[in-house]
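Dear colleague,

Please find below the structure I promised to pass on, together with its sequence. My notes on what turned up in it follow directly after.

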Amino acid sequence: MADERRLTAQRADGATLLIFYMVALLVVPARFTIAFVPITLPPALFVAMCLAVVWFAAHLVDHLGMAKGRNAVRTILAIYVILHLTTYALATRRYLPIDELSVSDSALIRIVSMAALAVFVCDAVRSGERLSRALRVMVGCLTVSAFVGLFQFGLGLDLASYITLPGLRVQDNGYSALESRSIFFRPAGTVNHPIEFGLVCVLGVPFAAHFVFQAKDRGEPVGRWWTALSLLALMAILSLSRTAIIGLVVTGIVMAILLPRERGLPLLGVGAVFLGGASIVVPGLFGTVTSMFSNIEDDPSFQGRTKDYDGAWLEIAKHPWLGRGFGTFLPSKYTILDNQYLLTMIENGYLGLIAFVLLFLGAIFAALRARALSRDEGVRGIAMCLVAAMLTSALGAATFDELAFSVATGMTFMLIGVSGALLRIARQEAAARRAAEVSPAS
């Protein structure tokens, strides 16, 4: 417990550095890249690379508070990175067109940096209080992005386009900040695309709900957390994305199962009332949302997502085990494949698919294990949030090419790292509890 208080009392630690990453990822518009480097380098990716260097340097000494030792999440991340390096080596050993080689180089840097970010979070955030503080900031940053999206949806006004930051330039990513579906604008907030925006809003919903309950238990004001929860849930719906709607349903089911009945059922009731209120305030919203799922086989959007599946299996058959190389299946050159699992099989083979799925399963296992070990309701609540978030992200990967979108990828890997950190914290708590139980007897 003394070690826990010492880590909590530090002025700056791993959680502080993680907060810098969250701001760069969620508040700084995703279209910004660093202006003075010759490659496309978003600020969040640059921060992740710096955190990777910090993690490596801190592991060379013993006095900087970096956790050491085995962790299930770290092991799975190591397998994932080794497989990517193997795929890259095999792909570059044979001839690759210069455009595919260039994208493969940058993709490898990005995915290794994301894995390093997750390992940093796993090892550097050492106390439950500091982890909770970082996740509060994450919810706040997501709420800022959702607020920008609200203006985009309601007024057709992109506040993010008015932001200028020194040292950064706007990179055209091929997506419009204001797309439309039916009679509505589809918001993207500060991220790249409405589908990505809907997903990241859903990832924040269980954490906002957790902090509502935590504030009530502590007798603290709950208004800001109710505001965050309402805005994130609303913008997930207003993104008009099937991915987001499915994610909200999955989140609701997980919370109903893992939360105590006196909390889970009322929360579902509030969600139903909220959905009805949103439909009344925004005429035509309910019909637009339901139309996305009714007669889905005749939907041009759904047909466009599935028409290339036969061709995808032909590509998979060419390099079945380790794929053709991560990042080499260029959408501008071949086709847009809105299914990350199929795309992973093409680029990383069957072994790559197994490693990708293990990322989600490992994070869910770590969260559930932490929930079983801990008696701290804060830790148990965060574990429930992580299970919901990982399932949402895993299902989202089946509906679009998730790893091609920087914010969705950054959020997913960051939360994978949070699962590992939570497991470490729960194990420390359990060890301290066992020591305290043995001590009086001795």
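D99 counts as partly exposed, since its relative accessibility is 34%, and in this predicted model its side chain meets that of K333 in a salt bridge with an N to O distance of 3.6 Å. Because K333 sits in the loop between α13 (309-318) and α14 whereas D99 belongs to helix α5 (residues 98-124), the pair ties together parts that are 234 residues apart in sequence. K333 is likewise partly exposed, its relative accessible area being 38%.

A second salt bridge joins D123 and R424, whose closest N and O atoms are 3.0 Å apart. Since D123 lies in helix α5 and R424 in helix α16 (residues 406-441), this pair ties together parts of the chain that are 301 residues apart in sequence. As to their surroundings, both D123 and R424 are buried.

The third pair I would point out is E129 with R218, a salt bridge in which the closest N and O atoms are 4.0 Å apart. This pair links distant parts of the chain, with E129 in helix α6 and R218 in helix α7, 89 residues apart. E129 is partly exposed at a relative accessible area of 29%, and R218 also counts as partly exposed, at 43% relative accessibility. Beyond single pairs, salt bridges that share partners join D99, E100, E315, K318, R324 and K333 into one network. A search of the whole structure finds 12 salt bridges, among them the pairs K333 with D99, D123 with R424 and E129 with R218.

Turning to helix packing, the axes of helix α7 (residues 194-218) and helix α15 (residues 377-396) come within 9 Å of each other and cross at roughly 165°. Angles over 145 degrees count as roughly antiparallel, and α7 and α15 are therefore roughly antiparallel to each other. The crossing of these two helices, α7 and α15, is right-handed.

On the surface there is a nonpolar patch of about 760 Å², made by W313, W321, Y350, L351, I354, V357, L358 and L361. Helix α14 (residues 340-373) contributes the largest share of this patch, namely six residues. One of the patch residues, L361, lies in helix α14 and is partly exposed, with a relative accessible area of 48%.

Two further leucines may be worth a look when you open the model. L150 is found in helix α6 (residues 128-155) and counts as partly exposed, because its relative accessibility is 31%; the C-alpha atoms of L150 and L234, which are 84 residues apart along the chain, are separated by 8.8 Å. Which residue has a positive phi although it is not a glycine? That residue is L240, with a phi of about 55°, and L240 is found in the loop between α8 (223-238) and α9 (242-258). L240 is buried, its relative accessible area being 0%, where buried means under 20%.

With kind regards

Note on methods
Residues are numbered from 1 along each chain as its sequence is written. This is a predicted model: local features need pLDDT of at least 70, side-chain atom pairs count only at pLDDT 80 or more; totals for chains, interfaces and linings use all residues. Side-chain values use heavy atoms; hydrogens and water are left out. Patches are made of residues with over 30% relative accessible area and no salt bridge: like charges are joined within 9 Å, nonpolar side chains (Val, Leu, Ile, Met, Phe, Trp, Tyr) within 5 Å. Accessible areas come from the Shrake-Rupley method with a 1.4 Å probe; for residues, only the protein chains shown count as cover. Helices (H or I, at least four residues) and strands (E, at least two) are DSSP runs, numbered from the N terminus. Buried means under 20% relative accessible area, exposed over 50%, partly exposed in between (1.4 Å probe, protein chains only). Axes are lines fitted to C-alpha atoms, for helices over the stretch in contact, and angles run from 0 to 180 degrees between N-to-C directions. Angles under 35 degrees count as roughly parallel, over 145 as roughly antiparallel, 65 to 115 as roughly perpendicular and the rest as oblique. A crossing is left-handed if the near helix is turned anticlockwise from the far one by less than a right angle, and right-handed if clockwise.
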